[in-house]
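Reader: Hey, got a minute to walk me through this one? I'd like to go bit by bit.

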Amino acid sequence: MSDNALPPVRLRADVLAVPAYRQGAAPSAAGFKLSSNENPFAPLPGVADAIASRGDVNRYAAAAMPELRAAIGAEFGVSGEYVHLAAGSVAILYQLVHAAAGHGDSYMYAWPSFEAYPSLGLASGATPAGIALTATAEHDLDAMADAITERTRVILLCTPNNPTGPALRRADFDRFMARVPSDTLVVLDEAYREFVTDPAAVRGEDVLSAHPNLVVLRTFSKAYGLAGLRIGYGVGDPAIFRAAASVAIPLSVTGIAESAALASLTPEAREVHTERVAAIVDRRDRLVAGLRELGITVPDAQGNFVWIPEAADLGTPDAAAGVPDALALAAAFAAVGTLVRPFAGKGVRISVGEEDSLALIIDTVREFLAQLGGAA
Ligand SMILES: Cc1ncc(COP(=O)(O)O)c(C=O)c1O
């Protein structure tokens, strides 16, 4: 059946008008999958055993998961009561927008950012408000603060910003929060926090207690390499999470995911986790340097991905430093069996993956530019 086939039943026109979230596709056998910001390493030591020995899958998992929530809470200096689990942090994003923003309300985010943001409030009838990034691919926090209205119910801050890379600085975050009404929910989406090396970047642990209207989101999908198990968490006021739970799909977090997350937090697993994060950060930094050597203006990369802007989207005097066409560059990668994520008219996001993928990335971009006779 074609994608354009009409549904056989009456569905909401506003829902039909919005394209569904598109997952990164699978690469060819010879290539790399660098399109979904996944972790190239196998799960941490102890995780495979924890999954294999979780025998009670004939039962629903006990949803409270106090041991895991307490372990996460300890990292933030709060009790497990302040921790909310879900089948991926994206599920918490949905819950929070639904809990806070109804018909006629709006939810705000920088754009481009995580591709799921625009449709988060669709089913609740709330209106998305994407505020353009600055020329350096960062949140324009002044413009975002200026755009807050009486109907703004949720503000999503993505740090580091997926897909462009820069993290929010603590000082800028503090200034922004001072302009946000204290009864407006702010979500600090730190899905990639473990990869951040900028000491000036904001960190959920450091700012949570000062802002009762703040929820910090993290995930086991990225640095912990458990994307396929679907487990993420929020840290914040328990009353906010009670409302989130009211609109959540019940019983979504599996016992296997719970066991895998707990096994990822043992001292032995943490040690390997730290080494692997350092390896990914090292690859990221080498990738950024290699792309910049080709003349491309790569924004500060603080996650496990790098951003190659389209020249036309840079809008700066050095606009020669991007690629002319994101889709064409992604096609050049596809031709060598490798998947990256193009954002039409904006740029290309490349996840930091296997060591061997680095040379292939640089070679592919170099060749792409050479065929064009240099950067656009
Ligand atoms: C910024 C951001 N937030 C949240 C998520 C969702 O992650 P998960 O649902 O796997 O925890 C992603 C996934 O790519 C992301 O990029």
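Author: Sure. Keep in mind that this is a predicted model. Let's start at Leu-11, which sits in the segment before helix H1 (13–16).

Reader: OK, what kind of surface patch is Leu-11 part of?

Author: A nonpolar one of about 290 Å², made by Val-9, Leu-11 and Leu-16.

Reader: Now the overall layout. Which domains does the assignment give?

Author: Domain 1 is 13–41 + 269–372, and domain 2 is 47–265. Domain 1 is thus written as two stretches of the chain. The contact between the domains takes 28 residues from domain 1 and 31 residues from domain 2.

Reader: And how far apart are the C-alpha centres of the two?

Author: They lie 24 Å apart.

Reader: How much area do domain 1 and domain 2 bury between them?

Author: About 2,600 Å², with 60% of it on carbon and sulfur atoms. On the domain 1 side, Arg-270, His-273 and Gln-302 lose the most area to domain 2. Together those three account for 24% of what that side buries.

Reader: What about charges, how many salt bridges cross that interface?

Author: The rule finds 2 salt bridges across the interface of domain 1 and domain 2. There are also 14 residue pairs in polar contact across that interface, counting pairs with both residues at pLDDT 80 or more.

Reader: Which elements of domain 1 give two or more residues to the side that touches domain 2?

Author: Those are H1, helix H10 (267–293), strand E8 (305–309) and strand E9 (341–343). H10 brings the largest share, 7 residues.

Reader: Switching to salt bridges in general: how many does the structure hold?

Author: It holds 22. One pairs Arg-341 with Glu-115, where the closest N and O atoms are 3.1 Å apart. Another joins Asp-172 and Arg-175, with the closest N and O atoms 2.5 Å apart.

Reader: Where do Asp-172 and Arg-175 sit relative to each other in helix H6?

Author: They are 3 residues apart in H6 (residues 170–179), so about one helical turn separates them. As for the pairing itself, side chains of opposite charge can pair when their charged atoms come close.

Reader: Makes sense. Now the backbone: which residues does a cis peptide bond with omega of about -5° join?

Author: Thr-159 and Pro-160. Pro-160 lies in the loop between strand E4 (152–158) and H6. The peptide bond from Asn-162 to Pro-163 is cis too, with omega near 20°. Pro-163 is also in the loop between E4 and H6.

Reader: Huh. And what's the phi of Arg-230?

Author: Positive, about 65°, although Arg-230 is not a glycine. Arg-230 lies in the loop between strand E6 (214–219) and strand E7 (232–235).

Reader: Why bring up those backbone spots at all?

Author: Because most residues other than glycine have a negative phi, and most peptide bonds are trans.

Conventions: Residues are numbered from 1 along each chain as its sequence is written. This is a predicted model: local features need pLDDT of at least 70, side-chain atom pairs count only at pLDDT 80 or more; totals for chains, interfaces and linings use all residues. Side-chain values use heavy atoms; hydrogens and water are left out. Patches are made of residues with over 30% relative accessible area and no salt bridge: like charges are joined within 9 Å, nonpolar side chains (Val, Leu, Ile, Met, Phe, Trp, Tyr) within 5 Å. Accessible areas come from the Shrake-Rupley method with a 1.4 Å probe; for residues, only the protein chains shown count as cover. A salt bridge is a side-chain nitrogen of Lys or Arg within 4 Å of a carboxyl oxygen of Asp or Glu. Helices (H or I, at least four residues) and strands (E, at least two) are DSSP runs, numbered from the N terminus. Domain bounds come from an automatic or database domain assignment. Contact means heavy atoms within 4.5 Å. Buried area is the accessible area (1.4 Å probe) that two parts lose on being put together, summed over both. A polar contact is a pair of N or O atoms within 3.5 Å; within protein, one must be able to donate a hydrogen and the other to accept it, and residues adjacent in sequence count only if both atoms are side-chain atoms.
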